[in-house]
Amino acid sequence: MKELIILPKNEETRKSAQLFNLKIVDKLPGEMVNIKLKKDEEKAEQIALEKGVVYISCEDWKILPLENLIAKCNGKGKIIAVVKNISEAKLALQTMELGSDGVLLETANPGEVEELASLSNVNAVKLELKEAKVMTVKP
């Protein structure tokens with residue numbers, strides 16, 4: 001299950017997050033890295049592996065830095081994307097089919113809280129792959 005975190009900017013947004021049982025924080029609960037360069041990715045990876053979780057942000061969300069971090073940290077450290085809107089949240093949760101381990105959305109819009117809650121089932125279906133042997137092939 002993905003972590004969906006709200007940093008509410010007003011009481012109405014806080015109440016909406018409570019209604020949808022989303023995690024609410026009043027400040028960033030960990031260390032954040034703003035990814036601009038490759039060295040920032042490396043720093044984020046190091047923090048995720050050492051501390052178990054890293055919060056990342058990008059001025060202009062690009063998939064590549066997130067893909068790199070997902071590939072390097074998958075199962076070893078959590079990556080929480082700090083996003084500005086729902087489209088960034090969707091992108092972060094769906095990158096490389098695995099997505100980030102969660103998103104943190106800072107918002108004053110209760111409608112965005114509801115939209116974020118609806119993403120709770122993104123990538124919820126996990127299929128287990130098993131090895132199989134092909135016996136015959138027919139046209």
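**Exercise 1.** In this predicted model, determine which residue of E6 is the bridge partner of Ile6, and then place strand E1 within the sheet.

*Solution.* Start with the residue pair: the bridge partner of Ile6 in E6 is Leu105. Extending this to the whole strands, E1 and E6 pair in the parallel sense over 6 bridges. Next, turn to E2, where Ile24 stands opposite Ile6; E1 and E2 are likewise paired in the parallel sense, over 2 bridges. These pairings fit into an open sheet of 6 strands with the order E2-E1-E6-E5-E4-E3, in which the pairing is parallel. Strand E2 (23-24) and strand E3 (32-34) each have a single partner strand and stand at the edges, so one side of each is left without a neighbour in the sheet. At the E3 edge, the partner is strand E4 (residues 53-57), joined in the parallel sense over 3 bridges, and Met32 has Tyr55 of E4 as its bridge partner.

**Exercise 2.** Establish how many residues of E1 are buried, and which of them lie on either side of the strand.

*Solution.* The count comes to 6 of 6 residues buried, and E1 is accordingly described as mostly covered. In a regular strand, the side chains alternate between the two faces of the sheet. Sorting the residues by side gives Glu3, Ile5 and Leu7 on one, with Leu4, Ile6 and Pro8 on the other, and both faces are covered.

**Exercise 3.** Work out how the buried residues of helix H5 are arranged around its axis, and what covers them.

*Solution.* First list the buried residues of H5 (residues 110-118), which are Pro110, Glu112, Val113, Leu116 and Ala117. Seen down the helix axis, these buried residues fall within an arc of 150°, so they line one face of H5. Their cover includes strand E1 (3-8), helix H1 (11-19), helix H4 (86-94) and strand E6 (102-107). The N-terminal end of H5 is capped by Asn109, a side-chain oxygen of which lies 2.7 Å from the backbone nitrogen of Gly111. For H4, the buried residues are Ile86, Glu88, Ala89, Ala92 and Leu93. These cover an arc of only 155° around the axis, which puts them on the same side of H4.

**Exercise 4.** Decide whether Asp40 is buried or exposed, and identify the nearest side chain of opposite charge.

*Solution.* Asp40 belongs to helix H2 (residues 38-51) and is buried. The nearest side chain of opposite charge is that of Lys39, 5.2 Å away, whereas a salt bridge requires a distance within 4 Å; Asp40 therefore has no salt bridge. Leaving aside residues up to four places away in sequence, Asp40 touches Val33, Asn34 and Ile35.

Terms used. Residues are numbered from 1 along each chain as its sequence is written. This is a predicted model: local features need pLDDT of at least 70, side-chain atom pairs count only at pLDDT 80 or more; totals for chains, interfaces and linings use all residues. Side-chain values use heavy atoms; hydrogens and water are left out. Helices (H or I, at least four residues) and strands (E, at least two) are DSSP runs, numbered from the N terminus. Buried means under 20% relative accessible area, exposed over 50%, partly exposed in between (1.4 Å probe, protein chains only). Lys and Arg count as positive and Asp and Glu as negative; His and the chain ends are not counted. Contact means heavy atoms within 4.5 Å. The arc is that of the directions from the helix axis to the C-beta atoms. A polar contact is a pair of N or O atoms within 3.5 Å; within protein, one must be able to donate a hydrogen and the other to accept it, and residues adjacent in sequence count only if both atoms are side-chain atoms. Two strands pair if DSSP finds at least two bridges between them.
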